[in-house]
Amino acid sequence: MKLNLDELVLFDHHCHGVVNEDLDRAGFEELISESSAPAVAGTTRFDSQVGFAIRRFCSAPLGISDFSEPDEYLRVRQELGSSKVNRILLEASKISYLGIETGHQPKSILSPEEMSEAASAKAYEIVRLEKVAETVAFQHLEVGGNPFELWSKIVAELDKSLCRAIGVKTIAAYRVGLDFPHSQPTDDEAVLAVANWFKTLEPGQVPRLADPEVIRALIWYAIKKETAIQFHIGYGDDDVDLHRCNPLLLTNLIRAAADYDARFMLLHCYPFHREAGYLADVFPSVYFDVGLAINYTGSRSTSVIAESLELAPFGKILFSSDAFGLPELYYIGAKLFRDGLARVLQSFIDEHQWPLAEAERVASMIGFENAIRAYKLEG
Amino acid sequence: MKLNLDELVLFDHHCHGVVNEDLDRAGFEELISESSAPAVAGTTRFDSQVGFAIRRFCSAPLGISDFSEPDEYLRVRQELGSSKVNRILLEASKISYLGIETGHQPKSILSPEEMSEAASAKAYEIVRLEKVAETVAFQHLEVGGNPFELWSKIVAELDKSLCRAIGVKTIAAYRVGLDFPHSQPTDDEAVLAVANWFKTLEPGQVPRLADPEVIRALIWYAIKKETAIQFHIGYGDDDVDLHRCNPLLLTNLIRAAADYDARFMLLHCYPFHREAGYLADVFPSVYFDVGLAINYTGSRSTSVIAESLELAPFGKILFSSDAFGLPELYYIGAKLFRDGLARVLQSFIDEHQWPLAEAERVASMIGFENAIRAYKLEG
Amino acid sequence: MKLNLDELVLFDHHCHGVVNEDLDRAGFEELISESSAPAVAGTTRFDSQVGFAIRRFCSAPLGISDFSEPDEYLRVRQELGSSKVNRILLEASKISYLGIETGHQPKSILSPEEMSEAASAKAYEIVRLEKVAETVAFQHLEVGGNPFELWSKIVAELDKSLCRAIGVKTIAAYRVGLDFPHSQPTDDEAVLAVANWFKTLEPGQVPRLADPEVIRALIWYAIKKETAIQFHIGYGDDDVDLHRCNPLLLTNLIRAAADYDARFMLLHCYPFHREAGYLADVFPSVYFDVGLAINYTGSRSTSVIAESLELAPFGKILFSSDAFGLPELYYIGAKLFRDGLARVLQSFIDEHQWPLAEAERVASMIGFENAIRAYKLEG
């Protein structure tokens with residue numbers, strides 16, 4: 001019995017827009033690494049799992065021969081033009097639902113509406129808590145606002161956002177680590193924390209929120225709103241202190257939020273995905289994916305996917321690509337996930353006699369059904 | 001050359017009794033998860049590795065077709081009745097020796113003697129340190145005992161227990177984390193720690209021991225008795241702070257105990273089983289298993305077993321099921337372990353030309369010989 | 001397409017000399033474990049992955065039948081004599097370049113020149129920072145030197161060493177853990193730290209450097225020299241607090257050194273090799289290997305090698321054996337690495353259609369080219 005997941009319906013619950021400009025080699029290499037530095041002299045970012053996966057899988061849809069040299073790949077890519085490449089690869093990804101996080105936009109990227117059209121997918125928005133707070137604080141600063149009024153302005157903006165968005169995202173991991181204070185603040189504490197932060201801001205400068213008390217207030221806002229909260233966990237760029245991004249550090253927050261119906265969506269999690277699986281097992285509110293790690297481990301992603309199917313109940317595992325900028329990252333994210341999940345489930349069929357239909361059922365749960373249930377999008 | 005371990009002799013050095021009552025679906029699901037919460041709405045605890053393993057492996061011995069639906073499985077199970085199911089699955093587990101930990105009994109479960117009979121196995125007792133201390137403290141409280149006499153009462157009870165038991169168990173990981181103070185207390189310090197704890201107890205209430213000084217005193221009692229000490233490590237229920245259950249946190253305790261012949265039996269260890277393997281390699285007193293993780297990773301348990309055969313000398317690895325409540329957990333614990341170990345050793349035969357006899361010798365060490373040596377049950 | 005790496009050129013960038021004396025069974029067993037204790041009664045160090053690998057792979061070159069019993073193996077070994085065994089196994093390792101760390105010499109071992117001759121390889125020296133500081137401090141103590149002059153003496157000796165050596169090694173992990181203070185000290189602070197340490201030394205005793213401030217000063221000396229700095233990371237002997245050897249603990253040091261061209265060579269890294277791969281990905285200065293872990297995980301080393309090929313760019317992964325004492329450790333280090341890397345890359349060829357030539361190119365990078373580039377030995 002051979003499992004085929006080529007047509008598995010996918011809900012990419014955490015991704016970003018693609019760039020709408022032609023990229024030279026340096027610009028392209030910048031987008032296939034989490035490092036903020038260029039590749040070391042004498043090396044190229046293409047000599048990596050993600051680079052090989054792009055050369056292997058993205059050539060055919062673009063009409064290039066497999067494993068072409070990077071320069072040849074980029075030459076054809078430029079000839080086609082970024083709009084066409086975006087459309088070809090996004091369409092070929094066959095992703096049905098997108099949860100697009102709109103808080104990270106250093107380049108000109110497609111909006112959720114444009115992404116929806118380019119990918120022929122239903123697009124939902126995810127709002128980044130820290131970005132909203134920074135934007136509102138900047139505006140409040142510009143108009144000379146009262147520090148003690150800032151929290152209510154942020155709340156108003158978040159309330160508005162949540163009328164259209166299906167959840168929020170926090171980058172607490174990047175800004176303060178996951179060992180920030182976890183207990184629920186009172187409203188007065190939230191107002192004061194935000195006011196204190198506001199007083200440190202420089203006029204004319206867009207602020208960078210890295211205050212643990214303010215981030216705590218934002219996360220508790222979301223918990224009390226009983227929405228889905230995406231947490232960056234584990235692997236990311238060189239800005240992260242990875243040892244402070246272990247999801248186990250959230251244990252007390254998850255416990256403290258048990259009375260609310262908020263859901264914790266742990267993103268990426270590598271190399272702490274087994275720890276994430278434990279949390280998803282014992283805490284009803286926890287879901288997780290291995291997102292970013294699929295693209296960046298490439299030929300090894302099957303093993304990472306396999307490790308994500310250990311402790312966690314099958315109803316708590318999600319799919320995401322965390323693609324940003326390049327449609328290639330959508331395409332290989334979906335391709336590696338479908339292929340890898342099929343290989344893992346096939347090994348369960350072969351070694352443990354899972355019925356094919358049960359393997360397909362589990363694949364559909366992970367592919368999209370869990371996301372629809374967890375984000376409450378049924379019906 | 002094909003390795004077959006279907007008849008491998010097993011010493012399940014850490015397990016519990018089975019429940020002797022008929023279970024409905026909710027009651028059964030409760031016993032196939034480490035979570036204290038029921039499955040999330042729209043999901044079932046059967047949709048997990050352990051649930052699939054039960055449907056796959058336990059059906060045949062009970063005369064049901066493989067991978068029957070949970071309701072059908074439970075219907076037949078209830079028809080047979082719990083006594084019969086217990087006997088069928090325990091017998092079919094073909095476990096020769098049981099090390100039964102008697103400190104965890106929230107339900108009516110079989111005693112070591114009853115387990116011995118139902119499983120046709122030799123049963124040994126393991127005494128839970130914290131449970132003894134709590135029980136003696138409760139009795140001492142009832143009779144209005146002197147706080148400074150409690151330690152000697154606990155020691156007397158432990159001394160008595162160790163006349164019949166082959167070792168002790170500590171749940172320091174659950175109660176205080178493994179980073180409790182590690183140096184050896186004096187007798188006076190032990191007396192004082194226990195007295196201070198005693199003074200905090202409420203009359204009429206069975207106490208819950210979570211005092212690091214008292215737990216230290218209990219563990220050092222066991223070290224000086226030069227017995228085998230089982231430590232819960234790593235994965236467990238939602239009561240655990242998993243990041244405080246890394247076995248490496250015990251390093252200084254292990255060093256401090258080097259002059260005694262106590263043995264440290266690290267249980268489960270997932271996801272820190274590689275760390276446990278390191279400790280088993282460099283410290284003569286350390287043994288470990290991947291116990292609970294075998295059942296709860298199911299189709300993935302082969303990989304977990306494989307990872308437990310890295311640094312650790314083959315003479316330091318043990319088998320346990322950590323089965324509690326359900327005879328299914330004994331049966332799949334034994335089945336997954338025999339099958340998984342056979343697959344791992346077969347890969348060593350195929351790729352590294354291990355002689356079949358050497359693979360069988362290693363399997364016997366891990367299956368039961370190491371436990372017999374480490375618990376000093378020879379001859 | 002079948003990848004064969006039997007002739008892969010290797011640069012073993014971190015190893016030690018071999019012992020030049022005949023060894024009895026106890027002496028041999030001592031050298032095939034990281035433990036400072038003998039095997040537990042009733043067991044032998046041969047019953048381990050490294051023991052099995054020696055019996056499997058080293059027999060043939062010495063003219064013994066595969067998997068001979070340890071006593072038979074050692075009998076033939078003694079008949080041949082250690083010089084001959086050294087030469088046979090080192091030659092058979094087919095290692096082209098050796099980076100020999102000379103700071104660990106509890107026994108009489110071959111010098112880099114002797115190793116070069118015995119192995120028919122080009123040998124380079126790596127200087128151990130702590131050893132130089134200890135040696136110079138001892139001499140300074142003997143002549144009644146001024147504490148405030150010690151730092152300049154150490155610097156002078158290191159300067160001299162770096163005229164011949166290609167890099168340095170630090171065992172900060174063993175001595176103080178990797179969470180030592182990371183910021184750059186001023187010259188005055190270095191002088192003072194060293195003087196304070198010097199004042200604690202006992203006349204007539206070779207000192208053991210375990211002062212975090214002094215170790216910091218030594219490492220920053222090397223950073224400012226812009227040399228390659230080998231860090232012991234992860235798995236080692238029972239002297240190590242493994243939880244303080246996680247390479248992520250170096251994150252701030254790596255960031256603080258970003259303006260210098262020093263390179264951080266993270267050694268072994270097990271079980272934190274995925275964490276090391278992350279650092280190698282996001283920080284240009286970081287390289288790593290799984291060194292010691294290859295020999296000590298034996299039949300499981302393929303998986304460890306596979307896990308080292310996840311996040312890290314292929315241009316940042318190195319080979320080392322960390323062999324010490326026994327030529328067997330060189331031989332199996334090279335053998336297991338070539339075989340394991342071939343199996344891993346073959347799986348990429350089979351499952352992800354890597355072209356054979358690309359797999360060979362990646363193997364050459366990891367085998368020797370990355371080391372030549374990173375140690376600046378080109379041309």
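**Entry 1: two domains in one chain**

How much area is buried between domain 1 of chain A and domain 2 of chain A? I started with this question, keeping in mind that the model is predicted. The answer is about 1700 Å², and carbon and sulfur atoms give 66% of that area.

I then looked up which residues supply the area on the domain 1 side. Tyr296(A), Leu326(A) and Glu328(A) supply 33% of what domain 1 of chain A buries against domain 2 of chain A, more than any other three residues.

For orientation, I noted the domain bounds in chain A. Domain 1 takes in 10–20 + 93–375, and domain 2 takes in 23–80. Taken over C-alpha atoms, the centres of the two domains of chain A are 27 Å apart. The contact between them joins 24 residues of domain 1 of chain A to 19 residues of domain 2 of chain A.

**Entry 2: what links the domains**

I counted one salt bridge between domain 1 of chain A and domain 2 of chain A. I also found Glu328(A) in a salt bridge with Arg77(A), with the closest N and O atoms 2.7 Å apart. Glu328(A) had already come up among the three residues that supply 33% of the buried area of domain 1.

Polar contacts came next, and I noted six residue pairs between the two domains of chain A, both residues at pLDDT 80 or more. On the side of domain 1 of chain A that touches domain 2, the elements that give two or more residues are H14 and H16 of chain A. H16(A) gives the most to this side, with eight residues. Sorted by class, this side of domain 1 has 12 nonpolar, five polar and seven charged residues.

**Entry 3: from chain A to chain C**

Next I asked what rotation superposes chain A on chain C. I found a rotation of 120 degrees with 0.0 Å of shift along its axis, and the RMSD is 0.0 Å. The two copies are thus related as by a three-fold rotation axis. To place that axis in chain A, I looked for the nearest C-alpha, which is that of Ser303(A), 5.8 Å away.

Which surfaces do the copies use, the same or different? They use different surfaces, as 3% of the contact residues of chain A recur in chain C.

**Entry 4: the interface of chain A and chain C**

Here I moved on to the contact itself, where 39 residues of chain A touch 33 residues of chain C. The two chains bury about 3100 Å² between them, with 56% of it on carbon and sulfur atoms.

I counted seven salt bridges between chain A and chain C. I also looked at the salt bridge in which the side chains of Arg45(A) and Asp281(C) meet, at 3.0 Å from N to O. The polar contacts between these chains come to 21 residue pairs, both at pLDDT 80 or more.

Four helices of chain A each supply at least two residues of the side that touches chain C: H2 (49–57), H14 (291–297), H15 (301–308) and H16 (327–352). H2(A) gives the most to this side, with five residues. I sorted the residues of this side of chain A into 15 nonpolar, 12 polar and 12 charged.

**Entry 5: from chain C to chain B**

I followed the chains one step further. A turn of 120 degrees and a shift of 0.0 Å along the axis lay chain C on chain B, with an RMSD of 0.0 Å. In chain C, the residue that comes closest to the rotation axis is Ser303(C), at 5.8 Å by its C-alpha.

Why do I say that these copies meet through different surfaces? Only 3% of the interface residues of chain C are also interface residues in chain B, so the surfaces differ.

I noted 39 residues from chain C and 33 residues from chain B in the contact. Chain C and chain B bury about 3100 Å², 56% of it on carbon and sulfur atoms. Seven salt bridges cross this interface. I also looked up the salt bridge between the side chains of Arg343(C) and Glu351(B), at 3.7 Å from N to O. The polar contacts here number 21 residue pairs, both at pLDDT 80 or more.

Note on methods: Residues numbered from 1 in each chain as written. Chains lettered and ligands numbered in written order. Predicted model: local features only at pLDDT ≥ 70, side-chain atom pairs only at ≥ 80, totals over all residues. Heavy atoms only, no water. Least-squares fit on C-alpha atoms with pLDDT ≥ 70 in both. Contact = heavy atoms within 4.5 Å. Buried area = accessible area lost by both parts, 1.4 Å probe. Salt bridge = Lys/Arg side-chain N within 4 Å of Asp/Glu carboxyl O. Polar contact = N/O pair within 3.5 Å; in protein donor to acceptor, adjacent residues only side chain to side chain. Nonpolar A, V, L, I, M, F, W, Y, C, P; charged D, E, K, R; others polar. Domains from an automatic or database assignment.
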